[in-house]
Amino acid sequence: MSSPSVLPIAYPLDDFYAQAGRALPPIEAVSGDEVPEPYKSLLVHQDDMTPTLEKFHGERIHLAVLSRQQRDDFYFREVVLLLDKTDKPVEFGAIKINLALFPPAARKEILDECRPLGTLLAFYAITHASRPKAFLRVLSDDFINASLQLSKSQWLYGRRNTLWDPQQRPLAEIVEIIPPEKC
């Protein structure tokens with residue numbers, strides 16, 4: 001097991017784990033080609049996750065915040081994205097948002113914690129680019145299992161992504177982990 005420490009491909013999730021005194025679960029970088037379907041269709045692209053997940057599941061998504069903190073203009077939160085109709089979890093993640101790079105109305109909505117960042121980016125027509133830095137294979141631990149309503153530890157897939165503004169400043173740094181799809 002890992003000790004509470006930083007792991008660049010897991011940032012900012014590793015930061016939340018370290019602050020909570022939890023050991024990071026096993027996390028490894030994999031190539032996009034190693035990501036199996038349906039994870040590959042959901043993760044291996046340069047699109048935002050919220051609209052990708054909404055299209056895949058055929059319904060809107062809202063968020064539940066598990067923990068949060070603000071450090072100056074940086075807002076961190078651990079979240080679960082949930083389907084509106086069923087509250088089924090469709091993503092567990094951690095995000096660091098640079099509030100200073102958002103217009104005031106969008107900044108207020110980010111802090112209101114009702115809508116996912118991907119929804120707000122579209123609603124406010126905020127120009128940005130999504131550039132995944134790594135694709136991940138994660139052995140779910142008790143915390144991730146509880147967040148995604150999983151009954152046992154299992155290998156999940158995710159990505160470490162950065163959203164960039166047109167001046168190449170990072171709007172957000174994100175770890176996004178997808179639960180298994182039941183066939």
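The legends below describe close-up views of helix 3 and of the strands 2, 3 and 4 in a predicted model. Residues are numbered from 1 along each chain as its sequence is written, and side-chain values use heavy atoms, with hydrogens and water left out. Because the model is predicted, local features need pLDDT of at least 70 and side-chain atom pairs count only at pLDDT 80 or more, whereas totals for chains, interfaces and linings use all residues.

**View 1. Thr50 in helix 3 (residues 49–57).** Helices (DSSP runs of H or I, at least four residues) and strands (runs of E, at least two) are numbered from the N terminus. Thr50 has a relative accessible area of 5% and is therefore buried, a term that means under 20% with a 1.4 Å probe and protein chains only. Leaving aside neighbours within four places in sequence, Thr50 is in contact (heavy atoms within 4.5 Å) with Ile61, Leu81, Pro116, Gly118 and Thr119.

**View 2. Helix 3 and the residue that follows.** Buried residues of helix 3 include Met49, Leu53 and His57, and the helix is followed by Gly58, whose phi is positive, near 70°.

**View 3. Strand 3 (residues 74–83) and its pairing with strand 2 (residues 61–71).** In strand 3, 9 of the 10 residues are buried. Strands pair if DSSP finds at least two bridges between them, and strands 2 and 3 pair in the antiparallel sense over 10 bridges. Gln70 stands opposite Tyr75, and in the hairpin, with 2 residues between the strands, Asp72 takes a positive phi near 55°.

**View 4. Strand 3 and strand 4 (residues 89–98).** These antiparallel strands are joined by 9 bridges, and Val79 stands opposite Gly93.

Notes:
Buried means under 20% relative accessible area, exposed over 50%, partly exposed in between (1.4 Å probe, protein chains only).
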